[in-house]
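User: I am new to this structure and would like to learn how to read its features one at a time. Could you take me through them slowly?

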Amino acid sequence: MKFADFVCRPAIRAQLLTDHKEGAIREMVKALVEAGEFARDEEESIVKAVMKREELGSTGIGRGIAVPHTKHPRVSRLVGAVAVSNDGIDFNSLDGEKVQLFFLLVSPLDLPGDHLRALENISRQLRNDTFCRFLKNAKSAADIQQLLDDADRGQFA
Amino acid sequence: MSEVRTRTIIVANRQGLHLRPAYALAELAKRFRSRIRLVKEDREANVSSLLDVMTLGAACGARLSLVAEGDDAELAIEALAALLEKDFDAPEGP
């Protein structure tokens, strides 16, 4: 599953404004709402659901990466948002480091395969230090989009 | 004395090896001195690395080889195989 298959391009955010975990998640969910993926009145329930998953264990998997996620009854296919925080946000990550790269995933209730394949792709690409570094230094949504396209073409993994 | 133990396992978790089971595996692996890896077809993952394990994209029913190398390889294999053959995402009790 390539980035092009699930990342909502208009929802890419190159400079998160917030400095805390819930703020980051809220900004990304808002981005998906503004891109038309969800209705405005769904924003709160999605943020709550993502935060609830965080309580089970941080999705800050180390190396400055987080993969916050939830399921939603009204999506028919996986939809994702990508965001970068230049300063990094404390996400209670497994390695104690701040997170700069965020991949928010919202999946259908009963298609676990999509979520797994997205994680597979994200993991494979982010194992490449160059890709990680370029993403963390991205200055614009267009930069991020270009990098994701390059990754989909096999440039990094 | 260092030994190598290998076992074929079938992933039992209904949603495959996503973040939560990968994390549980990594945490369990910390208890052992052996170097432990999972092999799926031509891909190998160090179970101590979440990113590594998730790159396998191992779905429910996937056949993997679990390989442990070290003086506690037998114990490590038993423990990790038991975890992999458990359905993490089963609904909690009644």
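**Reading contacts, burial and charge pairs**

Analyst: Let us start with a single pair, keeping in mind that this is a predicted model: the side chains of A:Thr18 and A:His20 are joined by a polar contact of 3.3 Å. A:Thr18 has its place in the loop between helix H1 (3-6) and H2 of chain A.

User: Is A:Thr18 buried or exposed?

Analyst: The general idea is that a residue counts as buried when its relative accessible area is under 20%. A:Thr18 has a relative accessible area of 14%, and therefore it is buried. Leaving aside neighbours within four places in sequence, A:Thr18 is in contact with A:Gly23, A:Ala24, A:Glu27 and A:Ile89.

User: A:Glu27 is among those contacts, so what should I read about its charge, and which side chain of opposite charge is nearest?

Analyst: Side chains of opposite charge can pair when their charged atoms come close. A:Glu27, which is found in helix H2 (residues 21-34) of chain A, is buried yet has no salt bridge, and the nearest side chain of opposite charge, A:Arg13, is 5.9 Å away. A salt bridge requires a nitrogen and an oxygen within 4 Å. Not counting residues up to four places away in sequence, A:Glu27 touches A:Leu16, A:Leu17 and A:Thr18.

User: How many salt bridges does the structure hold over all chains, and which parts of a chain can such a pair link?

Analyst: Over all chains, the structure holds 25 salt bridges. One of them joins the side chains of A:Asp129 and A:Arg63, at 2.7 Å from N to O. This pair links distant parts of the chain, 66 residues apart, with A:Asp129 in helix H5 (residues 129-136) of chain A and A:Arg63 in the loop between strand E1 (60-62) and strand E2 (65-66) of chain A. A:Asp129 counts as exposed at 53% relative accessibility, whereas A:Arg63 is partly exposed at 36%.

User: Which residue does B:Glu74 form a salt bridge with?

Analyst: B:Glu74 forms a salt bridge with B:Arg5, and their closest N and O atoms are 2.4 Å apart. Here too the pair links distant parts of the chain, since B:Glu74 lies in helix H3 (residues 73-84) of chain B and B:Arg5 in strand E1 of chain B, 69 residues apart. B:Glu74 is partly exposed, with a relative accessible area of 32%, and B:Arg5 counts as partly exposed at 30%.

User: How should I read the place where the two chains meet, and how many residues of chain B are in contact with chain A?

Analyst: A reader can begin with the contacts, then turn to the area, and then look at the kinds of residue. In this model, 18 residues of chain B are in contact with 19 residues of chain A. The two chains bury about 1,500 Å² between them, 70% of it on carbon and sulfur atoms. B:Gln15, B:Leu19 and B:Leu51 supply 38% of the area that chain B buries against chain A, more than any other three residues.

User: What is the count of salt bridges between the chains, and which element of chain B gives the most to the side that touches chain A?

Analyst: The count between chain B and chain A is two salt bridges, and one of the pairs is A:Glu120 with B:Arg43, at 3.2 Å from N to O. The elements of chain B that give two or more residues to the side touching chain A are helix H1 (19-29) and helix H2 (50-55). H2(B) gives the most, with five residues. The residues on that side of chain B divide into nine nonpolar, five polar and four charged.

Methods
Residues are numbered from 1 along each chain as its sequence is written. Chains are lettered from A and ligands numbered from 1 in the order in which they are written. This is a predicted model: local features need pLDDT of at least 70, side-chain atom pairs count only at pLDDT 80 or more; totals for chains, interfaces and linings use all residues. Side-chain values use heavy atoms; hydrogens and water are left out. Contact means heavy atoms within 4.5 Å. Buried area is the accessible area (1.4 Å probe) that two parts lose on being put together, summed over both. Helices (H or I, at least four residues) and strands (E, at least two) are DSSP runs, numbered from the N terminus. Ala, Val, Leu, Ile, Met, Phe, Trp, Tyr, Cys and Pro count as nonpolar, Asp, Glu, Lys and Arg as charged, and the others, Gly among them, as polar. Buried means under 20% relative accessible area, exposed over 50%, partly exposed in between (1.4 Å probe, protein chains only). Lys and Arg count as positive and Asp and Glu as negative; His and the chain ends are not counted. A polar contact is a pair of N or O atoms within 3.5 Å; within protein, one must be able to donate a hydrogen and the other to accept it, and residues adjacent in sequence count only if both atoms are side-chain atoms.
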